Amino acid sequence: MNWNWHVIVEYFPELLKAAPLTLQLVFIACAVGLVFGIILGVLRVSDNIFIKGLPFLYIFFFRGTPLLVQMFLIYYGLSQFEVVKNSSLWEPVLSKPYWCAIIAFSLNTSAYIGEIVRGAIMSIPKGELEAADAMGMSTVQKFTRIILPRAFGIMLPAYSNELIFMLKGSALASTITMMDITGAARTIAAKTYTPLELLFAAGIIYLLLAWMIMFGFNILERLFNRHKFYVPPEVAKAKA
């Protein structure tokens with residue numbers, strides 16, 4: 001088998017031009033997913049079975065079905081409903097592959113982040129929560145001053161993994177005509193008849209992007225968890 005390095009060198013810059021679109025899809029989806037994931041995670045730790053029941057079903061569905069199926073259901077499936085096609089959102093949003101990809105990625109990653117948040121909240125030492133209760137903190141104060149800051153520090157490594165998983169999953173956007181890194185590689189490969197070389201080059205770019213994400217989160221984790229055993233003074237006093 002002859003390996004055509006010339007094709008990789010020639011078209012590598014063109015693949016790099018598709019990287020911003022991939023990063024847009026990933027970071028917008030993970031930012032939106034983080035907001036909804038926090039809400040889902042908080043609801044999941046409720047003692048009320050009705051409050052945590054719907055988030056459980058949502059998470060069960062999006063974790064239990066393939067991302068590709070979810071994307072096809074949104075991009076191709078919604079067009080089967082006249083009420084959707086006649087809505088004001090059809091032309092500017094739901095008919096566009098870009099927004100359909102972001103919606104699918106956001107819904108999918110929010111389910112995983114919801115479980116990450118739930119696990120992080122459950123990992124907070126009970127003594128800190130009991131001390132907050134002893135200080136007479138309200139539920140809102142406990143969440144904003146104790147639970148969410150502590151949970152965010154705990155969940156950072158898992159959230160960085162989810163971001164990388166979403167980076168790799170973003171390659172599926174090419175199946176709905178998106179010209180991301182994978183889409184650009186497939187298009188060029190169809191013209192040059194060198195799929196192996198182009199996919200190899202695309203894989204190198206994904207690897208570099210994943211390394212940048214891991215590097216950034218390592219710095220963020222060190223900064224955020226520099227005082228990971230820190231507890232608010234009033235809580236520490238109550239525990240003593």
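Guide: A residue is called buried when its relative accessible area is under 20%, exposed when that area is over 50%, and partly exposed in between. The model discussed here is predicted.

Visitor: Is aspartate 133 buried, partly exposed or exposed?
Guide: Aspartate 133 has a relative accessible area of 44%. The cut-offs are under 20% for buried and over 50% for exposed, so a value in between takes the middle class. Aspartate 133 is therefore partly exposed.

Visitor: Which residue forms a salt bridge with aspartate 133, and how far apart are the closest N and O atoms?
Guide: The partner, unlike aspartate 133, is buried, with a relative accessible area of 17%. A salt bridge needs a side-chain nitrogen of Lys or Arg within 4 Å of a carboxyl oxygen of Asp or Glu, so the distance has to fall inside that limit. The residue is lysine 142, and the closest N and O atoms are apart by 3.0 Å.

Visitor: How many residues apart in sequence are the parts tied together by arginine 63 and glutamate 115?
Guide: The structure holds six salt bridges, and in this one the closest N and O atoms of arginine 63 and glutamate 115 are 3.6 Å apart. Arginine 63 is partly exposed at 41% relative accessibility, whereas glutamate 115 is buried at 16%. Arginine 63 belongs to helix α3 and glutamate 115 to helix α7, so the parts they tie together are apart in sequence by 52 residues.

Visitor: Which residues are joined into one network by salt bridges that share partners?
Guide: Lysine 142 and aspartate 133 form one salt bridge, and glutamate 91 forms another with lysine 96, at 3.9 Å between the closest N and O atoms. The network joined by shared partners consists of Arg44, Arg63, Glu115 and Arg118.

Visitor: Glutamate 197 is buried yet has no salt bridge; which backbone nitrogen does its side chain reach?
Guide: Glutamate 197 lies in helix α11, residues 195-224. The nearest side chain of opposite charge, arginine 186, is 15 Å away, and a salt bridge requires atoms within 4 Å, so that pair does not qualify. Beyond four places in sequence, glutamate 197 is in contact with Asn2, Trp3, Asn4 and Ile8. At 3.0 Å, its side chain reaches the backbone nitrogen of asparagine 4.

Visitor: Which element gives the largest share of the largest nonpolar core?
Guide: This core has 53 residues, and Leu15, Leu25, Phe105, Met155, Ile181 and Leu198 touch the most other members. Two or more residues come from each of α1, α2, α4, α7, α9, α10 and α11. The largest share, 11 residues, comes from α7.

Visitor: What covers the buried residues of α4?
Guide: Helix α4 spans residues 67-77, and its buried residues are Leu67, Gln70, Met71, Ile74, Tyr75 and Gly77. Their cover includes α3, α7 and α9.

Visitor: What is the angle between the planes of phenylalanine 61 and phenylalanine 62?
Guide: A search of the whole structure finds 11 aromatic pairs. Phenylalanine 61 is partly exposed at 40% relative accessibility, and phenylalanine 62 is buried at 10%. Their centres are 5.0 Å apart and the pair is edge-to-face, with an angle between the planes of 90°.

Visitor: How are the rings of tyrosine 75 and tyrosine 76 arranged, stacked or edge-to-face?
Guide: Tyrosine 75 is buried at 17% relative accessibility, and tyrosine 76 is partly exposed at 42%. Their rings lie 4.8 Å centre to centre with 75° between the planes. Planes over 60 degrees apart pass the cut-off, so the pair counts as edge-to-face.

Notes:
Residues numbered from 1 in each chain as written. Predicted model: local features only at pLDDT ≥ 70, side-chain atom pairs only at ≥ 80, totals over all residues. Heavy atoms only, no water. Helix = DSSP H or I, 4+ residues; strand = E, 2+ residues; numbered from the N terminus. Buried < 20%, exposed > 50% of the residue type's maximum accessible area, 1.4 Å probe, protein only. Lys, Arg positive; Asp, Glu negative; His and termini not counted. Polar contact = N/O pair within 3.5 Å; in protein donor to acceptor, adjacent residues only side chain to side chain. Contact = heavy atoms within 4.5 Å. Core = buried A, V, L, I, M, F, W, Y, C linked by side-chain atoms within 4.5 Å. Phe/Tyr/Trp six-rings, centres within 6.5 Å; stacked < 30°, edge-to-face > 60°.
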